[in-house]
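Please open the structure in the viewer and keep the selection tool ready. The tour moves from a whole chain to single pairs of residues.

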Amino acid sequence: MRYLDLDIKTINEKLKNKEIKPIDLVNEAFDRIEETNLNCFITLNKEDAIKKAKELEDKEVDNILFGLPIAIKDNIVTKDLRTTAASHILEDFIPIYDATVITKIKEKNMIIIGKTNMDEFAMGSTGETSYFGNTLNPIDNTLVPGGSSSGSAACVATGITPFSLGTDTGGSIRQPSSFCGLVGLKPTYGRVSRYGVIAFASSLDQVGPITRNVYENALLLNVISGQDKNDLTSSNKEVKDYTSLIGKDITNLKIAVPNYYMSEVIDKTVREKIINIINLLKEKGCQVDYVDIDYLEYAIPLYQVIALGEASSNLARYDGIRYGLKVDDFKNVDELYKNTRNIGFGNEVKRRIMIGSYILSGENANVYYYKALKLRKEMTDSFVSVLSKYDLIIGPTNTDVAYKLGTKQDDALKSFYDDLLTIPVNMAGLPALSLPVGYKNNLPVGMHIIGNYFEEDKIYQLASYIENNLKEEK
Amino acid sequence: MKPTIGIEVHVELKTMAKAFSLSKNNFNDEVNTNINVLDLGYPGTLPRLNKGIIDFALKACLAFNCKINRLMHFDRKNYFYPDLPKGYQITQQDTPIGYDGYVEISNKKIYLERMHIEEDTCKSIHTTDTLLNFNRAGVPLIEIVTKPCINNGKEAMEYLEKLRETLLYLGISDVKIEEGSMRCDVNVSVSDSDKLGTKCEVKNIGSISSVGLAIDYEIKRQEELIKKGEKIVEQTRRFDDKTKTTILMRYKETGNDYRYFPEPDIPFVYIDDEWLKEISDNMPILTDELKNKYVELGINNNNIKTIISNKNICNFLESVIDKCNPVIASNLLTGDVLSYLNKNIIKIEDTKLSQDNFIKLVNKLDKKSISSKQGKEIISIILENDKDVDLIIKENNMEQISDDNFVIEIVNKVVSANPDSIKDFKEGKDRAVKYLMGQIMKESKGKINPSLANQTLIEVLKKS
Amino acid sequence: MISEEKVKHIADLAKLNVTSEEMSKYQQQLTDILTEIDKILKVDIKNEEIMISPSNNRNCYSEDVIESHISKSDALKNAKRVKGDYIIVPKVIE
């Protein structure tokens with residue numbers, strides 16, 4: 001029997017009564033890494049994790065996450081532990097500070113097992129753009145695990161760690177969670193500090209938890225949330241106990257289903273799974289209405305303008321001067337720049353930088369960028385207007401389930417269409433969760449639950465009800 | 001032919017911390033010590049915002065009569081250069097903190113287009129390689145841009161002097177051109193029609209007088225080209241101090257493509273009435289107001305000029321001006337005090353001079369209880385050790401005698417002892433008075449108040 | 001179709017090399033993206049308000065006080081070309 005397969009409350013009890021020690025959990029995690037061969041990690045933190053686990057033996061088990069192993073997406077900086085963002089350009093980068101979320105999980109004495117594989121600079125939705133090779137989907141090794149938080153999802157799905165942190169710019173937590181049958185939350189923009197998160201698109205990026213179930217997801221959100229003086233966009237809204245509404249009656253929740261999320265573009269079986277849930281909720285007595293949300297159809301071009309514009313600027317700092325890849329072939333500064341970046345970045349990243357630079361160049365910024373910022377406001381307002389009448393919005397997380405490795409590479413447009421349903425949420429900055437709600441051909445289908453700003457607790461309330469009342473269906 | 005000149009000035013603000021990072025704002029400290037992960041543009045870092053830079057910029061806005069963008073954001077200016085760690089500079093493109101201001105010079109107003117906040121780059125040292133000192137990366141700047149409304153070098157110099165003086169009195173910058181805390185770029189164009197001519201930029205000119213020379217040279221150069229029928233090509237030039245000419249650096253590429261866009265990492269800043277009031281309530285007195293006040297107090301123009309151009313002296317004068325005779329105080333400060341400071345290359349704060357003692361000295365001089373010669377002796381002492389003025393006078397027996405009876409007594413005694421001198425005086429010989437004064441001073445052992453004695457002597461002589 | 005010259009200009013702005021083999025691919029992709037994002041130009045919207053970020057924060061500043069610095073060794077730790085206390089680059093000629 002593996003202790004790590006138990007639920008967190010049980011593990012916590014066993015730690016408290018000294019039946020097990022943190023080192024047992026750490027050993028189980030590393031054993032599982034050996035057994036599985038999914039390429040979940042770019043860098044393992046074995047020595048340090050063992051040392052930390054031993055140190056914890058003398059400490060009081062003072063919180064429910066004490067001594068538990070966690071995996072961290074490799075675009076979150078960890079002091080003295082290599083952080084690459086899955087890019088050749090940062091292959092040997094050793095951060096000299098901890099991201100705020102890392103400081104917070106260290107304060108709870110969680111143990112970092114390693115840095116997980118991902119799409120390079122979080123640009124991709126399959127895990128395949130990583131300089132360190134793709135991650136495999138633990139359910140079927142011929143499939144993509146989803147991305148960009150590919151390793152963080154695969155690692156929890158295969159039982160290496162019960163927790164991981166991912167980042168979500170256009171769906172990078174929710175989509176792999178959906179493809180791997182996990183619970184993944186993108187919190188409200190500003191709920192979790194971005195300090196120490198290697199920026200892809202600053203106005204869209206958020207860190208969030210990927211876990212096996214809803215309750216454990218809320219536990220991790222409790223730890224990583226909060227205002228941070230080092231992230232001026234982080235919110236001073238009070239951090240709630242996000243588990244507090246779990247188990248509470250959902251009868252009074254009003255739920256909206258956007259027609260856009262149930263259109264013909266979405267796979268039929270996926271839609272059926274969502275309809276099952278709608279029926280389940282109606283049976284329970286919830287009000288569920290189909291609604292229209294204006295401007296959702298512009299989410300992808302909006303994303304291309306805003307995310308790639310920001311990305312082209314955010315990735316300008318990788319020039320090989322203060323850190324990063326060393327090239328020796330140059331005659332002047334311009335060649336130093338170009339050769340470093342040309343060798344250091346992969347194709348997808350280069351393509352996105354090119355697009356972003358193009359969108360901001362010359363008159364384009366005035367034509368496209370400012371129009372996009374106005375349209376973004378409109379789209380957000382239409383979400384807000386729906387959420388003034390409804391507690392939550394539901395629909396599928398993705399258009400379909402996990403697909404074969406190698407099918408969507410090298411297509412500038414198609415790669416974005418994977419995120420059709422997740423991108424609008426990042427645009428508006430709303431919180432959203434992906435919850436497993438059944439299978440299509442043995443592959444997990446994810447349901448999207450979108451909440452109002454800072455109402456992650458309500459998302460968990462509904463998710464937990466569905467989780468508990470759908471079990472027999474799987 | 002009509003020349004048109006616009007000036008862009010970058011001024012370093014002397015806040016404690018940097019603009020968008022809270023490391024120390026002093027790039028003269030030991031190399032690469034005043035830095036943190038933000039200044040290095042490390043992955044994952046996000047900007048902070050130092051309120052001090054907004055306060056300082058608001059002061060400048062008020063001093064230069066700018067309108068204020070109450071709701072403002074920051075923008076990113078994207079370009080690659082080794083001295084720019086993030087690959088972009090945080091600046092204000094859409095919403096400069098100030099706009100539509102003006103600076104008054106003697107014959108006109110110089111209109112300001114905009115004033116905005118931005119961050120400085122690394123300091124580069126060019127040897128066989130280029131060495132980067134990140135202490136300067138992130139140092140706060142304001143950029144002040146005039147409209148193209150300046151007509152010649154003289155106006156430009158006057159504008160820059162006024163700008164420099166005002167910024168200095170605001171206490172927000174050291175404004176030292178030679179050290180780079182104030183940097184001037186000028187745009188000069190000449191036109192023989194109503195349309196503006198093609199502009200040439202002269203960058204980073206090393207002093208205000210060089211700005212004047214550079215502009216006048218550029219005007220002449222461009223006029224001659226136009227006369228010859230040649231076309232002016234847009235370009236960047238630099239001023240050569242040795243030859244007093246401008247030299248071509250490079251032709252302008254077809255517009256710089258800086259890909260500006262709003263900085264998503266710094267939320268909007270809203271300057272409400274309360275904030276603005278707090279700034280305006282705490283504005284120091286600026287030079288125009290000081291000059292007017294000094295004229296009214298009867299201080300002569302030369303002294304006023306000297307005082308204004310020495311801010312520390314001015315501060316000292318301001319701290320005593322209500323408690324003693326301002327004319328005497330200004331004479332002492334611009335005379336003996338300033339020459340002492342210049343000789344020793346120190347500031348007035350570095351001396352032992354205290355306000356109280358200085359006021360005592362001025363009052364003694366004002367009441368003529370000591371001579372101006374004695375005043376000089378005393379000031380040289382109290383600059384060195386702040387010894388009490390009363391004590392110095394007592395110890396050195398310097399007290400002047402101004403007692404009327406005593407003065408009359410001495411004068412009568414000397415006059416009656418020198419009847420020949422009375423005769424000489426009556427015959428209109430000047431030396432008689434001088435001689436008698438000498439005898440009076442001698443008789444009183446130099447302690448008699450000379451002007452009182454002189455006055456009394458002449459009365460006595462006339463009556464004789 | 002976007003011109004080769006334009007692609008070269010963009011690559012120069014982004015400090016990337018575009019090889020002659022990649023050129024036509026980039027021309028095609030940038031053109032496709034432009035067609036895609038042109039969609040947003042056709043949307044008629046009333047508001048003039050721009051949304052720079054979903055954050056509603058305002059006036060998030062710190063007082064003018066100095067916070068901690070990093071050590072010189074940390075500052076130079078990840079740099080590949082260092083001379084004395086400086087990070088260096090090939091000579092930049094003005």
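The stops below say what to select and what is found there. The model is a predicted one.

**First stop: chain B as a whole**

Select chain B and colour by secondary structure; 15 helices and 16 strands should appear. Is this chain as condensed as a compact globule, or more spread out? The radius of gyration of chain B is 30 Å, well over the 23 Å that the globule rule gives for 464 residues, so chain B is more spread out than a compact globule. Along the principal axes, its C-alpha atoms fill a box of roughly 95 × 55 × 50 Å. Of the 464 residues in chain B, 42% are buried. Among the contacts in chain B with a separation of 6 or more, 69% join residues that are 24 or more positions apart.

**Second stop: where chain B touches chain A**

Now display chain A together with chain B. The contact involves 24 residues of chain B and 32 residues of chain A. On the chain B side, the residues that touch chain A comprise 14 nonpolar, four polar and six charged ones.

**Third stop: an open sheet in chain B**

Next, select strands 4, 5 and 15 of chain B, which form an open sheet in the order 5-4-15 with antiparallel pairing. Strand 5 (88-91) and strand 15 (261-262) of chain B stand at the edges; each has a single partner strand, so one side of each is left without a neighbour in the sheet. Strand 4 of chain B, residues 75-78, pairs with strand 5 of chain B over four bridges in the antiparallel sense. To see one residue pair, select Lys77(B), whose bridge partner in strand 5 of chain B is Gln89(B). As a general point, strands of a sheet pair through backbone hydrogen bonds, either parallel or antiparallel.

**Fourth stop: strand 2 of chain C**

Move to chain C and select residues 86-90, which make up strand 2. Is this strand mostly covered or mostly exposed? Strand 2 of chain C is mostly covered, with four of its five residues buried.

Two strands to select beside it are strand 9 of chain B and strand 1 of chain C. Strand 9 of chain B (residues 129-133) pairs with strand 2 of chain C in the antiparallel sense over four bridges. Strand 1 of chain C (residues 82-83) also pairs with strand 2 of chain C in the antiparallel sense, over two bridges.

Finish by selecting Ile87(C): Leu132(B) stands opposite this residue, and Val82(C) has Ile87(C) as its bridge partner. Strands 1 and 2 of chain C form a hairpin with two residues between them, and Gly84(C) in the turn has a positive phi of about 60°.

Key: Residues numbered from 1 in each chain as written. Chains lettered and ligands numbered in written order. Predicted model: local features only at pLDDT ≥ 70, side-chain atom pairs only at ≥ 80, totals over all residues. Rg over C-alpha atoms; globule rule 2.2 N^0.38 Å. Buried ≥ 20, exposed ≤ 12 C-beta atoms within 10 Å, placed from the backbone. Contact = placed C-beta atoms within 7 Å. Nonpolar A, V, L, I, M, F, W, Y, C, P; charged D, E, K, R; others polar. Pairing = 2+ DSSP bridges.
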